[in-house]
Amino acid sequence: KILVIGACGQIGTELTAALRLKYGQDQVLAADVRPLADTPFDSPPYVQLNFMDKMELRTLVLKEKIGVVYHLAAMLSASGEKQPLVAWDLNMKGLLNVLDIAKSDQLKVFWPSSIAVFGPTGPKAFSPQHAITEPTTAYGISKVAGELWCRYYFDQYGVDVRSIRYPGLISYAALPGGGTTDYAVDIFHQALKYRQYTSFIKAHTALPMMYMADAVRATLELMDARAEKLTVRTGYNVHALSFTPEQLAMEIERHLPTFKMFYKPDSRQLIADSWPTSVDDRHARNDWGWQPEYDLSAMVTDMLTHLKQKLQYTGA
Ligand code: VAH
C-alpha cells in the first residue's frame with residue numbers, strides 16, 4: 001500500500017489523485033495533520049497523522065502494510081523565513097522519521113527537494129546537478145541537508161529513497177502555502193476575480209517553474225525507473241519552464257485583455273534573487289527519460305480553463 005504524508009498540500013492533493021488513478025483508490029492512504037472534516041479530501045482512505053511522532057508513524061506503517069511512502073509535508077521558503085527553527089525541525093525530523101522507518105521496514109520513499117538548494121554563490125543559469133549549494137534560506141538549508149540524509153540512507157542502508165528538486169509549481173487543484181513562487185498561482189485567481197494582480201516579485205525576475213501535471217508525471221516516472229539506472233541519490237534537477245512575472249502577465253493578457261499587472265516587491269524578492277533562473281537536467285533526461293510537456297502558453301491556457309470551471313468565475 002502507498003502512504004502520502006502531506007496529502008492536502010499543493011503537491012499532495014494532485015499526487016494522491018494520480019496515484020489512486022494508477023493503483024486504485026483503496027491502495028493509496030492519504031494522511032495529513034488535519035482531521036478529515038477540515039480537508040479538501042472527500043474520498044477515503046484518509047488518516048489524521050502526526051508524522052513528528054515516530055511511534056505513531058511506524059504503528060500506522062505496520063498496521064496498514066505500507067510499502068511506499070511519499071513524504072511531502074514541509075514548511076516552504078517564505079514561511080520558513082518567519083520561523084526558521086520550526087521549519088528546520090519540521091522538515092528534518094519528519095524526513096528522518098520516514099527514512100529510519102524505511103530502513104527498519106524496507107519502505108521505498110519519495111521526498112521532494114527544491115531548486116531552493118541553490119544559493120547566490122552558484123551559477124545563475126543552468127545550475128548543474130552537482131553544484132555549489134549554499135542556500136540563504138532556512139527552507140533551502142533543510143533541503144540540502146535532507147538530500148544528503150537521503151543519499152546517506154541509500155549508501156549506508158540501501159534505502160531506495162528518490163528525490164526531485166522541484167522548481168516553482170503551478171496548479172489549480174490546491175492553493176500553495178507560503179512559497180516564494182506562489183505569485184505564479186495567486187495571479188490566476190486574482191486575474192479571474194479582479195482582472196488585476198500586484199506581484200510581490202519584480203517584473204524581470206526569472207525563476208524555474210513547472211506545471212503540476214508535469215511535476216506529478218516526473219515523480220511517477222522517477223519512482224517507476226529501475227533502481228540501477230539512477231545515478232543521483234540526492235535530488236534530481238528537472239527543468240520545464242523559466243519565466244518572469246512580466247512574461248506571465250503578458251501571456252495572461254492574451255486570454256484576459258483587460259488584465260492589469262502591478263508590482264510591489266517584498267521580502268520574498270530577496271529569496272527569489274538567491275535562486276537560479278534555470279537548471280541543467282541532463283541527469284534526469286539520461287537516467288529516466290525526463291521530458292517536460294507544458295510550455296508557458298499551454299500552462300496558462302490549462303490553468304485558466306480549470307480555474308474558471310472550479311471557481312465558477314464569470315469569464316470575460
Ligand atoms: C517555494 N514553491 O516557493 C516552493 C519551492 C522553488 C520554490 O520550493 O518555497
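Helices (H or I, at least four residues) and strands (E, at least two) are DSSP runs, numbered from the N terminus. The exercises below concern a predicted model.

**Exercise 1.** Locate Lys 65 in the chain and describe its backbone.

*Solution.* Step one: helix H2 spans 54-63 and strand S4 spans 68-71, and Lys 65 lies in the loop between these two elements. Step two: the phi angle of Lys 65 is positive, at about 50 degrees, although the residue is not a glycine.

**Exercise 2.** Determine whether the peptide bond from Pro 44 to Pro 45 is cis or trans, and place Pro 45 among the strands.

*Solution.* Step one: omega for the bond from Pro 44 to Pro 45 is near 0 degrees, and the bond is cis. Step two: Pro 45 belongs to the loop that runs between strand S2 (28-32) and strand S3 (46-48).

**Exercise 3.** Characterise the annotated stretch at residues 2-228.

*Solution.* Step one: an unreviewed UniProt entry places the feature "domain: NAD-dependent epimerase/dehydratase" at these residues, 2-228. Step two: over residues 2-228 the chain is 43% helix and 18% strand. Step three: the end C-alpha atoms of this stretch are 22 Å apart.

**Exercise 4.** Describe the surroundings of the ligand, from its pocket to its polar contacts.

*Solution.* Step one: the site of the ligand is the largest pocket. Step two: the residues around the ligand include Leu 76, Ile 115, Pro 167, Gly 168, Gly 179, Thr 180, Thr 181 and Trp 275; Ser 77, Ser 114 and Tyr 139 also belong to this shell. Step three: sorted by class, the shell holds five nonpolar and six polar residues, with no charged residues.

Step four: polar contacts are pairs of N or O atoms within 3.5 Å. An N or O atom in the side chain of Ser 77 is 2.6 Å from an oxygen atom of the ligand. For Tyr 139, a polar side-chain atom lies 2.7 Å from a ligand oxygen atom. In the side chain of Ser 114, an N or O atom is 2.9 Å from an oxygen atom of the ligand. Step five: on its own the ligand has 270 Å² of accessible area, of which the protein covers 95%.

Note on methods
Residues numbered from 1 in each chain as written. Predicted model: local features only at pLDDT ≥ 70, side-chain atom pairs only at ≥ 80, totals over all residues. Heavy atoms only, no water. Near = heavy atom within 4 Å. Polar contact = N/O pair within 3.5 Å; in protein donor to acceptor, adjacent residues only side chain to side chain. Areas by Shrake-Rupley, 256 points an atom, 1.4 Å probe, with all protein chains shown as cover. 1 Å grid on protein atoms, 1.4 Å probe; cavity = no way out; pocket = protein on both sides within 12 Å on 5 of 7 lines; lining within 4 Å. Sits in = over half its atoms within 2 Å of the grid points. Nonpolar A, V, L, I, M, F, W, Y, C, P; charged D, E, K, R; others polar. UniProt positions renumbered as here; feature names shortened; annotations may be inferred.
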